[in-house]
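Here are a few notes to help you find your way around this one. Keep the viewer open and follow along point by point.

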Amino acid sequence: MNTAIRNPTQRLIVGISGASGVTYGVRVLDALRELGVESHLVVTRAALLTLSQETDLSPDDLTGRADVVHKLADVGATIASGSFRTLGMIVAPCSVRTMSEIATGVTSTLLTRAADVVLKERRPLVLMVRETPFHLGHLRTMTALTEMGAVIAPPLPAFYARPESIEDIVDQSVGRALDLFGLDWSAVRRWDGLKGSTQA
């Protein structure tokens, strides 16, 4: 006899690749912990190098923020199957190499395999691409991914939020990316109209 699951666990896959901005991935994990969403983390080797250059965190500090940690080479992990239900996946930050591999569908790691699964299952895939400037190949790859259903969400600062620190800028970008999964993080400063405007 089949039994309905009334309240399935909310899960989000978090990929962290080797682009600059590893703090975005760190804060995604922190936000999911605050929101009570189960995080499934997969990290590239290049991301761990970036972690050591851009923060004082150790790999254990990073992985300790996740509920479940998957090895990069473990293509038999739960997140490699579409039958494993999730809200989708965010890659924060997303390197151009990772973005390009996802776009081709020729996946070589669990991170890109999980992203491919999310796309085929028509679940949200949000890529916080960290590169500038973009050349035509980058733009065409982003167009192809958008046509496939991914959301390209570079972490651009929202100055209307009046950030007072780098942490404010990071949290605003992370929170807006989580909005795309229907997750409302309290750190986001919402636009509430022009200040001092007069309506005719």
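1. Let's start with a pair of strands: β1 and β2 run parallel and are joined by 6 bridges. Bear in mind as you look that this is a predicted model. One pairing to pick out is Leu12, whose bridge partner in β2 is Ser39.

2. Now look at how the chain gets from one of these strands to the other. β1, helix α1 (residues 22-35) and β2 together make a β-α-β unit, and that unit is right-handed.

3. β1 also pairs with β4, again in the parallel sense, this time over 3 bridges. Here you can look for Gly15, which has Val91 as its bridge partner in β4.

4. How many of the residues of β1 are buried? For this strand (residues 11-16) it is 6 of 6, so "mostly covered" is a fair label, given that buried means under 20% relative accessible area. In a regular strand, side chains alternate between the two faces of the sheet. In β1, Arg11, Ile13 and Gly15 point one way, while Leu12, Val14 and Ile16 point the other way, and all of them are buried.

5. Back to Ser39, which sits in strand β2 (residues 38-43). Is Ser39 buried or exposed? Its relative accessibility is 1%, so Ser39 counts as buried. If you set aside neighbours within four places in sequence, Ser39 touches Leu12, Leu29, Leu32, Arg65, Ala66, Asp67 and Val68.

6. Helix α4 (residues 96-104) is worth a stop too. Its buried residues are Val96, Thr98, Met99, Glu101 and Ile102. An α-helix has 3.6 residues a turn, so residues three or four places apart point the same way. What covers the buried residues of α4? The cover includes β4 (89-94), α5 (110-120), β5 and α6. Just after α4 comes Gly105, with a positive phi near 80°.

7. Last, turn to the surface. Phe134, Leu136 and Leu139 form a nonpolar patch there, and together they have about 250 Å² of accessible area. Phe134 belongs to the loop between β5 (125-129) and α6 (136-148). Why does Phe134 count as partly exposed? Because its relative accessible area is 30%, which falls between the cut-offs of 20% for buried and 50% for exposed.

Notes. Residues are numbered from 1 along each chain as its sequence is written. This is a predicted model: local features need pLDDT of at least 70, side-chain atom pairs count only at pLDDT 80 or more; totals for chains, interfaces and linings use all residues. Side-chain values use heavy atoms; hydrogens and water are left out. Patches are made of residues with over 30% relative accessible area and no salt bridge: like charges are joined within 9 Å, nonpolar side chains (Val, Leu, Ile, Met, Phe, Trp, Tyr) within 5 Å. Accessible areas come from the Shrake-Rupley method with a 1.4 Å probe; for residues, only the protein chains shown count as cover. A salt bridge is a side-chain nitrogen of Lys or Arg within 4 Å of a carboxyl oxygen of Asp or Glu. Helices (H or I, at least four residues) and strands (E, at least two) are DSSP runs, numbered from the N terminus. Buried means under 20% relative accessible area, exposed over 50%, partly exposed in between (1.4 Å probe, protein chains only). Contact means heavy atoms within 4.5 Å. Two strands pair if DSSP finds at least two bridges between them. A crossover is right-handed if, with the strands pointing away from the viewer, the path from the first strand over the helix to the second runs clockwise.
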